[in-house]
Amino acid sequence: MKRYRYNKIKEIVQSKAIETQEELAAALLEEGIEVTQATVSRDIKELMLIKIPTGDGHYRYALSPEENVVLSRSRINRLFQDSLIKVDHSLNQVVLHTIPGSAQSVAFSIDHAKWTEIIGTLAGGDDTILLIAKSEAEVPAILAKIQDLMKD
């Protein structure tokens with residue numbers, strides 16, 4: 001749901017002049033997504049939305065012009081270091097165990113990293129992620145990437 005909401009927020013701020021968190025919450029509600037002000041505030045922070053002038057003395061939310069700022073290497077490193085508890089694998093599957101509430105964020109970062117060895121991710125619940133590798137032979141490369149991201 002979080003990933004879907006993030007995508008909707010991006011669509012909304014690119015297509016409408018959203019000036020306040022309340023306006024963003026209302027726009028999300030129009031899309032069928034009910035959120036609290038606290039959730040909107042956190043989403044704005046996590047998506048690193050910025051306020052830009054509209055030219056008429058007002059400001060609106062916008063995506064940061066810096067591409068992949070949300071998924072910078074240092075931020076992903078911190079996410080993996082702070083969130084991952086255990087990594088396990090069998091055949092062409094890798095299972096990541098995170099602290100509660102972190103599975104969606106970690107899965108989001110992996111999805112957007114577009115690792116060619118992975119055909120899909122599934123965040124089950126709030127603390128488990130299933131990665132499906134293209135083949136069993138790809139698993140060592142995936143494990144190496146994960147270990148690298150967990151290093152200081």
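Strand β4 has two unlike faces: V94, L96 and T98 make up its covered face, while Q93, V95 and H97 lie on the uncovered one. The model described here is a predicted one, and β4 belongs to an open sheet of four strands, ordered β3-β4-β6-β5 and paired in antiparallel fashion. Because β3 (84-90) and β5 (118-124) stand at the edges with a single partner strand each, one side of each of these two strands is left without a neighbour in the sheet. Averaged over the sheet, and with direction ignored, neighbouring strands are turned by 15 degrees against each other.

**Strand pairing around β4**

- On one side, β4 (residues 93-98) is joined to β3 by six bridges, and the two strands run antiparallel.
- Within this pairing, H89 stands opposite V94 in β4, a residue of the covered face, whereas D88 stands opposite V95 in β4, which belongs to the uncovered face.
- The connection between β3 and β4 is a hairpin with two residues between the strands, and L91, which sits in the turn, has a positive phi of about 50 degrees.
- β4 is also joined to β6 by five bridges, again with the strands running antiparallel, and here H97 stands opposite T128 in β6.

**Helices against the sheet**

- Helix α4, which spans residues 73-83, lies across β3 and β4 and runs at about 85 degrees to β3.
- Helix α5 (residues 103-113) packs on the sheet as well, where it touches β4, β5 and β6 (128-133), and its direction makes about 170 degrees with that of β5.

**The loop between β5 and β6**

- D126 is placed in the loop that lies between β5 and β6, and its relative accessible area of 40% makes this residue partly exposed.
- When neighbours within four places in sequence are left aside, the contacts of D126 are with T98, I99, P100, G101, S102 and A103; of these residues, T98 is part of the covered face of β4.
- D126 and E23 are separated by 103 residues in sequence and, from C-alpha to C-alpha, by 28 Å in space.

**The chain as a whole**

- The protein chain contains six helices and six strands, and from the N terminus on its elements follow the order α-α-α-β-β-α-β-β-α-β-β-α.
- Taken along the principal axes, the box filled by the C-alpha atoms of the protein chain is roughly 55 × 30 × 25 Å.
- Of the 152 residues in the protein chain, 35% are buried, and the chain exposes about 8,800 Å², of which carbon and sulfur atoms supply 52%.
- If contacts between residues at least 6 apart in sequence are considered, 53% of those in the protein chain join residues at least 24 apart.
- The protein chain carries 18 positive and 22 negative charges, and the mean positions of the two groups are 2 Å apart.

Methods
Residues numbered from 1 in each chain as written. Predicted model: local features only at pLDDT ≥ 70, side-chain atom pairs only at ≥ 80, totals over all residues. Heavy atoms only, no water. Pairing = 2+ DSSP bridges. Axes fitted to C-alpha atoms, helices over the stretch in contact; angles between N-to-C directions. Contact = heavy atoms within 4.5 Å. Buried < 20%, exposed > 50% of the residue type's maximum accessible area, 1.4 Å probe, protein only. Areas by Shrake-Rupley, 256 points an atom, 1.4 Å probe, with all protein chains shown as cover. Lys, Arg positive; Asp, Glu negative; His and termini not counted. Charge placed at Lys NZ, Arg CZ, Asp CG, Glu CD.
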